[in-house]
Amino acid sequence: MKFLVFIFLLATIFCKAQNTMSLKEGDVSTKANLDQISWMEGHWKGEAFGGVTEEIWSPPLGGSMMFSFRLVVDGKVNFYELGHIRQLNETLVFELKHFSDDLKGWEEKEEVQSFKFIKAEGNRLFFDGFTFEKISDEEINIYGLIHQGDKVEEVKFNYIKQ
């Protein structure tokens with residue numbers, strides 16, 4: 001049993017995400033505002049998960065920037081995400097919900113996936129498990145930790161402005 005725990009820890013060290021960060025218990029979000037991520041505004045397209053990914057971000061209004069996401073595989077919608085980055089006190093929070101192609105929610109009615117802001121550094125904004133990176137006015141990357149069972153994988157979404 002100790003050998004299996006050692007292998008798991010070793011694999012965790014070598015498979016560590018390169019572009020995302022996680023908050024440790026007791027850590028608090030640093031100060032931030034929507035002006036720091038207003039460059040996300042626009043219509044973005046890329047490829048991931050074997051299909052075309054699309055995100056549309058609104059300009060800041062009412063203390064938030066809302067977005068929609070869809071994945072299209074083989075000409076059919078696979079799933080959607082709806083959410084926002086909102087100003088919460090003196091920091092930001094990234095929140096979203098998932099929907100099947102028929103708009104049936106994945107999360108329970110009152111449940112929201114929520115990712116606290118960690119820090120801004122250079123051209124990147126780090127949230128707990130997600131990083132938004134501005135490459136240029138026409139290109140961005142979003143890195144996200146995707147959890148499937150016991151497996152955690154960092155996925156890169158590269159987007160070009162439409």
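**Exercise 1. Find the residue that lies over the face of Phe 126, and give its distance from the ring centre.**

Solution. Keep in mind that you're working with a predicted model.
- Step 1: go to Phe 126 and look at the face of its ring; the residue lying there is Lys 119.
- Step 2: read off the distance, which is 5.8 Å from the ring centre.
- Step 3: check the cut-off: a charge sits over a ring if NZ of Lys is within 6 Å of the ring centre and within 35 degrees of the ring normal.

**Exercise 2. Work out whether the pair Phe 157 and Tyr 159 is stacked or edge-to-face.**

Solution. A pair of aromatic rings is described by the distance of the centres and the angle of the planes.
- Step 1: start with the count, which comes to 16 aromatic pairs. In one of these, the ring centres of Phe 157 and Tyr 159 are 6.4 Å apart; the limit for a pair is 6.5 Å.
- Step 2: turn to the angle. The planes of Phe 157 and Tyr 159 meet at 5 degrees, so this pair is stacked, given that planes under 30 degrees apart count that way.
- Step 3: look at how accessible the partners are. Phe 157 has a relative accessible area of 7%, so it's buried, and Tyr 159 is buried too, at 0%.

**Exercise 3. Name the residues that ring pairs link into a cluster.**

Solution. Trace the links from ring to ring, and you'll collect Trp 57, Phe 67, Phe 94, Phe 115, Phe 117, Phe 127, Phe 130 and Phe 132. Hold on to Phe 130, since it turns up again among the residues nearest the centre of the second largest pocket.

**Exercise 4. Describe the second largest pocket: how much space lies in it, and which residues line it?**

Solution.
- Step 1: the space comes to about 550 Å³.
- Step 2: 26 residues line this pocket, and those nearest its centre are Phe 79, Glu 81, His 98, Phe 130 and Ile 146.
- Step 3: sort the lining by class, and you get 17 nonpolar, 5 polar and 4 charged residues.
- Step 4: ask where the lining comes from. Several strands supply at least two residues each, including S2 (51-57), S3 (64-73) and S10 (151-161). The largest share, 5 residues, comes from S9.

**Exercise 5. Find what the side chains of Thr 131 and Asn 141 reach.**

Solution.
- Step 1: Thr 131 is in strand S8 and is buried, at 0% relative accessible area. Its side chain reaches the backbone oxygen of Asn 19 at 2.6 Å.
- Step 2: Asn 141 sits in strand S9. With 4% relative accessibility, Asn 141 counts as buried. Its side chain makes a polar contact with the side chain of Asn 158, at 2.7 Å.

**Exercise 6. Place Asp 74 and Asn 89 along the chain, and say what stands out about phi in each.**

Solution.
- Step 1: get the overall layout. The chain has 1 helix and 10 strands, and the pattern along the sequence is α-β-β-β-β-β-β-β-β-β-β.
- Step 2: find the loops. Asp 74 belongs to the one between S3 and S4, while Asn 89 is in the loop between S4 and S5.
- Step 3: recall that most residues other than glycine have a negative phi. Now compare: phi is positive for Asp 74, near 55 degrees, and also for Asn 89, at about 60 degrees.
- Step 4: check accessibility. Asp 74 is exposed at 75%, and Asn 89 is exposed at 72%. For the whole chain, 35% of the 162 residues count as buried.

Conventions:
Residues numbered from 1 in each chain as written. Predicted model: local features only at pLDDT ≥ 70, side-chain atom pairs only at ≥ 80, totals over all residues. Heavy atoms only, no water. Phe/Tyr/Trp six-rings, centres within 6.5 Å; stacked < 30°, edge-to-face > 60°. Buried < 20%, exposed > 50% of the residue type's maximum accessible area, 1.4 Å probe, protein only. 1 Å grid on protein atoms, 1.4 Å probe; cavity = no way out; pocket = protein on both sides within 12 Å on 5 of 7 lines; lining within 4 Å. Points joined across faces, edges and corners; volume = space filled by probe spheres on them. Helix = DSSP H or I, 4+ residues; strand = E, 2+ residues; numbered from the N terminus. Nonpolar A, V, L, I, M, F, W, Y, C, P; charged D, E, K, R; others polar. Polar contact = N/O pair within 3.5 Å; in protein donor to acceptor, adjacent residues only side chain to side chain.
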